[in-house]
Amino acid sequence: MSKPTDLVQGTLDLLILKTIALEPMHGWAIAQRIRQVSKDVLQVNQGALYPALHRLEQQGWITAEWGESENNRRAKYYSLTKSGKKYLQSEQANWERLSAAIGLVLKTA
Amino acid sequence: MRWLRSISNRLSNLFHKDTVEQETDQELRFHLEREITQRISHGMSPEEARRSALLEFGGVERFKEECREARGVNRIESLLSDLRYGLRSLRRSPGFTIVSVLTLALGIGANSAIFSMVNALLLHPYNFHNLDSLVRVWEDRGTQEGFDARFIAPADAEDLRSTNGVFEGLATYNYQSFGLGVEGDVLPILGCKVSANFFDVLAVTPAAGRLFTTAEEQPGADQVAILSYGSWQRRFGGDPHLLGKTITLNSRAYTIVGIVPKDFDYPVPVELWVPLALTPAEKADRTQLSLSALARLKTGISLSQAGAVLTTFSRRLEQEFPKTNAGRATSLLQLRKELYMFTLPLFLLLQAAAGFVLLLACANLANLVFARMIGRQREIALRAALGAGRARLGQLFLSETFLYSSAAGAVAIAVSFASVRALRTSIPTGWTKWVPGWDGIRVNGSVLAFTILAALGVGLFLGMATLLHTSRVELNKTLKETGTGTVTRTKRRVRSAVVVVQVMVALILLVCAGLTIQGFVRLANVYQGFEPASVLRIEISLPEKIYTDNLKITNFYQQVLRGTAALSGVQHASLVTNPPASNVDSDTTSFTIEGLAALKPTDLPSADLQIASPDFFGTLKIPFVTGHVFLDADNVDAPRVSVISRSMASRFWPKGDALGHRIRLGAQDSNEPWLTIVGVVGDVRQNWWNPVTRPVIYEPFAQAPQRSMTLLLRSTSNPTSYASAIRDVVRQSDPAIALRGINTLEEEIADSIAIVRIMGILMGIFGIVALSLSSLGVYGVLSESVAQRTHEIGIRLALGANPRDLMKLILGQALKLTGIGLLIAVPCAVAISRAMASLIFGVVSLDFAILGGFTVLLLLVALCAGYLPARRAIGVDPMVCLRYE
């Protein structure tokens, strides 16, 4: 297995937002989900995940709530706020435009 | 709303620090547990799973710290600790704190007080709906000499109202004094006759009752009145059932139909308004400019558009009615601007002066802060060495300066409350009641906002100055130093610049203050040409319904004059239409000189017209130039005569042969009689704000009686003691007549220039504050720099330097800085004084005595400031100097 790709600065936020857009999740599940969905290509540095979550909460994109986890333990569940949803949409559009542009350059150059 | 949540998050994080910390702990622990469970389920032993999970996770404590950072707790926490530190360090040096807070509070407080005045008088003189669209409209001959009263002919106003397309409405009004009948007595009150649409144009709705109807503009139907709120409260005790009741005005019964809102006092604070009911003849009049007019511009019409329409309008009238309207132009001016024509520059000057005082206070404080910073250099270097970045240091200094500037702001608010009260009570109410907006001077929301902004601005400015001063600390050097720290060349240059600016601002401020005070003194002496001492003035106004013909008027006044002259101690008693210092211009009239008839109506000369009884010139001791003044024989049966002023005589009869010539009021073919000039008297200054000496024509009262006259008497003793005696004299002739404006002429003069006097006093205070602040500042910087050179001076002395040379060196430095400041300031002061001379009456541009005097004064201050510390430094034993560290 090749070395997992380090996440580009700022993309972690986008991944977190996208992941919890479906349903509220706790931190561990977010990391798991990102790894699964990306077929083990993207490995979230688990330590960096929490500062990112706290920052997003501070910025008001997401909110946190304590709830019961699947193994009956107390866990902090994160979900998108209204403005977080809007922010995610615009960031996702940005990302798609950027990656398409980079792909274009790589193909033609 | 996101930022709101962000802030509330931050604060709740801060206040629930422990819970939040625990939760983070719990969250991370949960994560690790899940990770371990997963690894065990993949077949690891519990020990191994725990080890590898922890390894992969990384330093837990580091991430906790990062979480804290992400939550933004740290920034607030460090700000709080900086504020606490700042508070401690200010408490450690109470002297510095008190001086800086008081200096700033004084500077900011002065600004808020003046701002509260400017805010009330200039920005909100009236609180009418859409004040900017209200204009005054008037007619004049287009050749304004000085300041003519702004009136319009009734027929012209009517035409303007019906034809123009620029005004939403045009209202006319006229003052009228009334005798209000109260229980057998008659009280004098001032009222205003207004057209029915007057209140509509101003968009005022009555507090109770109704406004006037158009039907009430008809003579006979006009016996209705609207009361002012104050009059309703004062005279009728706020009687809730007053509407519909009748009152007696000038012996006629008027029904009260309405009461205006509390703050309504246009055009001046009058007690009541009645309909302006003109007879058809009065309405058709185009010769007399007898009405005041105000109008509201239609939405979207600019002042210049309206001006253009008015020009066309006057031209049309000129063609239609050449006899009356030739050369007459219609003008307009915004209501707001009409008010402070004479005093606006003074207000602006005061605000600028207050700003300068604040600037000086800031400069002084910056100096103090710099001096403190030099003492704190080691602390700063240590902080920098321990990893404090510039932003972090900046936050520290900013929070310190914000601490005392906000303390200063709080004190300044108290100062401004006190000074606004002082300001309001220091001017006699008799005068300020005519100043619209004066009662609105108070510390309100915008003044508070202004104060707070000023305090914050000052804090920011000082913090930045401090930061600039501490940047580029040379860590190694400063930490190695054992002494009190060193001053680099750049820093010394910054402080020298502060001294230069201080000297500069001080000189400009002193010159402005000097000029204003000088202007005020000049104004106080401006009433020349007569002797105001020992003269009492009383305004008398006869009701036109009873005093219908000249004989009745003349009889009444002759009786009053005889009665007054018979009082013991009265030397002279006389009548005049417009006494000096009345703050009202005399009526102007055009006239024709016999034998110069070829003039077009537009080219007729004009002069002020005064009606006076024979002893008027003796009462005021107006010097008599040639010929003779009026005689008692110049009565209604005698040939018509006139006396003219010296400036009129010299303008129209430069050879000095005015006596015996005849003049006629109005044009050549007017119906006025020819008046023979029998005498020439000295010029009299009528009002302080009218700098032009206007020609005056005096007519004898007996030949041209008027209902409204001012009775003047000169006595050997205190003139005020005659007030009640005069009242009795008048009552004997007609008990229904009310007396108004009983005052000595001297007090009338003092009242008329009260606002200028207050301005002068304020400027004087600012000047003294400026002088002391800048002296302190210059002294502080110089003594500080000499103290820092004590070591160097010691070495020089030990090596055999001559103390006198050292003294010269230090004094030279002081003089150099002051000299540079003065060199920059002198041209500025000259320019400013020139601007002031063009804006403020009484100020003469560029007074060399003032400029030179203050320049020398500041140089002396600088010499003292340099000499005292230098003598101390030189007087010290060289050995002590060397050891001094």
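A residue counts as buried if 20 or more other C-beta atoms lie within 10 Å of its own, and as exposed if 12 or fewer do. The exercises below apply to a predicted model.

**Exercise 1. Determine which residues of helix 11 of chain B are buried, and how they are arranged about the helix axis.**

Solution.
1. Begin with the length. Helix 11 of chain B comprises 18 residues (residues 303-320), for which 1.5 Å a residue gives an expected span of 26 Å; the end C-alpha atoms are 26 Å apart, so the two values agree.
2. Apply the burial criterion. Ala306(B), Leu310(B), Ser314(B) and Leu317(B) are the buried residues of this helix.
3. View the helix down its axis. The buried residues of helix 11 of chain B fall within an arc of 80° and therefore line one face.
4. Recall the general geometry. An α-helix has 3.6 residues a turn, so residues three or four places apart point the same way.
5. Turn to the other face. Ser304(B), Ala308(B), Thr312(B) and Gln319(B) are exposed and lie on the face of helix 11 of chain B turned away from its buried side.
6. Identify the cover. The buried residues of helix 11 of chain B are covered by elements including helix 7 (154-163), strand 9 (292-297), helix 12 (322-325) and strand 10 (329-334) of chain B.

**Exercise 2. Locate the buried residues of helix 27 of chain B and describe the residue Gly800(B) that follows this helix.**

Solution.
1. Within helix 27 (residues 790-798) of chain B, the buried residues include Ile793(B), Gly794(B) and Leu797(B).
2. Their arc around the axis is only 105°, which places them on the same side of helix 27 of chain B.
3. After helix 27 of chain B comes Gly800(B), with a positive phi near 100°.

**Exercise 3. Establish how strand 17 of chain B pairs with strand 13 and with strand 18 of chain B.**

Solution.
1. Strand 17 (residues 662-665) of chain B pairs antiparallel with strand 13 (residues 587-593) of chain B over 3 bridges. Here Arg664(B) is the bridge partner of Thr592(B).
2. Strand 17 of chain B is also joined by 3 bridges to strand 18 (residues 674-681) of chain B, again in the antiparallel sense. Ile663(B) stands opposite Leu675(B) of strand 18 of chain B.

**Exercise 4. Describe the side of chain A that touches chain B.**

Solution.
1. Count the residues: 16 of chain A are in contact with 20 of chain B.
2. Assign them to elements. Helix 2 (27-37), helix 3 (46-59) and strand 3 (74-80) of chain A each contribute at least two residues. Helix 3 of chain A has the largest share, 8 residues.
3. Classify them: this side of chain A has 4 nonpolar, 8 polar and 4 charged residues.

Key: Residues are numbered from 1 along each chain as its sequence is written. Chains are lettered from A and ligands numbered from 1 in the order in which they are written. This is a predicted model: local features need pLDDT of at least 70, side-chain atom pairs count only at pLDDT 80 or more; totals for chains, interfaces and linings use all residues. Two residues are in contact if their C-beta atoms, placed from the backbone, lie within 7 Å. Helices (H or I, at least four residues) and strands (E, at least two) are DSSP runs, numbered from the N terminus. Ala, Val, Leu, Ile, Met, Phe, Trp, Tyr, Cys and Pro count as nonpolar, Asp, Glu, Lys and Arg as charged, and the others, Gly among them, as polar. Two strands pair if DSSP finds at least two bridges between them. The arc is that of the directions from the helix axis to the C-beta atoms. The expected span of a helix is 1.5 Å times one less than its number of residues.
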